[in-house]
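Please examine the sequence and the fold shown here before reading on.

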Amino acid sequence: MTDPTPDDAGTTGDAADARDSLEALRAEIAKAVVGQDPAVTGLVVALLCRGHVLLEGVPGVAKTLLVRALASALELDTKRVQFTPDLMPSDVTGSLVYDARTAEFSFQPGPVFTNLLLADEINRTPPKTQSSLLEAMEERQVTVDGTPRPLPDPFLVAATQNPVEYEGTYPLPEAQLDRFLLKLTIPLPSRQDEIDVLTRHASGFNPRDLRGAGVRPVAGPADLEAARAAVAKTAVSPEITAYVVDICRATRESPSLTLGVSPRGATALLATSRAWAWLTGRDYVIPDDVKALALPTLRHRIQLRPEAEMEGVTADSVINAVLAHVPVPR
């Protein structure tokens, strides 16, 4: 192996510094959010892969606070949209506004023009408004009156939703679900974590004042750019590629599903596995990386048969069965 050139050495150093900065996010966000390390890791993986995240959990488990704390610790611009039944698509993307002084129309950007868009309770708005995010999520631009307008980079949609069995919710269409890189479930806290939450509030913690809670920027866009470049160089063997494909193809043959994972889902699983491998300190992907990201990357890309749901089968149980069945490369 040859010694790295000065440029290579600088790039390696930048990548190592970026990894350290992104690892520091956990400790920083923990100042505001208790016991949600897997969700924090998932959000970082999504940023590294230029993907979007769907956060699902019952009301009151700090989904919104988690995203706000991430934006504060990353020094990113963030905006929040509360999705309601009467929200219009233009309320998200922006619209043309007539200026009486110039007798011309000018574009007024909507909240989607930001680095981190918090789409709060996205499944409380009808599909027409939900679909207004599709172009932004996939093409990273907004087209109004035939003119495409690029969104800033980095750009991530972090959408929260309540479980669909709650009254007044609209299930997201499959086309939009497939645009989310990860679906992270936010569980109720353990007893000790809940005690810690109440102790913080009794000591004066204000979830609306993250600066007061001590959350400070520990990483920024430059760190993300260096990290993304390093992730792109993470090696993937032909055996790992075949393993990812075999997992996704196995879901299409499951008797419990009407819809298996698409090729886009396979691409997503490969991307998230590479990001996770790099975050854990390796420059190559192993089968355990694929297994670690299979549930959050695939659970929202499959559709259960009604009879399977009645028997208590879940998306996670189907994926776990597939992981247990598909041979692991050696």
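The paragraphs below proceed from the overall form to the interior.

This is a predicted model, in which local features need pLDDT of at least 70 and side-chain atom pairs count only at pLDDT 80 or more, while totals for chains, interfaces and linings use all residues. Residues are numbered from 1 along each chain as its sequence is written, and side-chain values use heavy atoms, with hydrogens and water left out.

The secondary structure comprises 14 helices and 11 strands, taken as DSSP runs (helices H or I, at least four residues; strands E, at least two) and numbered from the N terminus. Along its principal axes, the C-alpha trace spans about 70 × 60 × 50 Å. The radius of gyration is 21 Å, which agrees with the value near 20 Å for a compact globule of 330 residues; the radius is taken over C-alpha atoms, and the globule rule is 2.2 Å times the number of residues to the power 0.38.

Of the 330 residues, 45% are buried (under 20% relative accessible area, with a 1.4 Å probe and protein chains only).

Within the protein there is 1 cavity of 30 Å³ or more; a cavity is a set of points on a 1 Å grid over the protein atoms alone where a 1.4 Å probe fits but cannot get out. The largest cavity holds about 60 Å³ of space, a volume being the space filled by probe spheres set on the points, which are joined across faces, edges and corners. Its lining, meaning residues with an atom within 4 Å of a point, consists of L22, E23, R26, V40, T41, V44 and L279. The elements giving two or more residues to this lining are α1 (6–29) and α2 (37–48).

Terms used
On a 1 Å grid over the protein atoms alone, a cavity is a set of points where a 1.4 Å probe fits but cannot get out, and a pocket is an open set with protein on both sides within 12 Å along at least five of seven lines; lining residues have an atom within 4 Å of a point. Buried means under 20% relative accessible area, exposed over 50%, partly exposed in between (1.4 Å probe, protein chains only).
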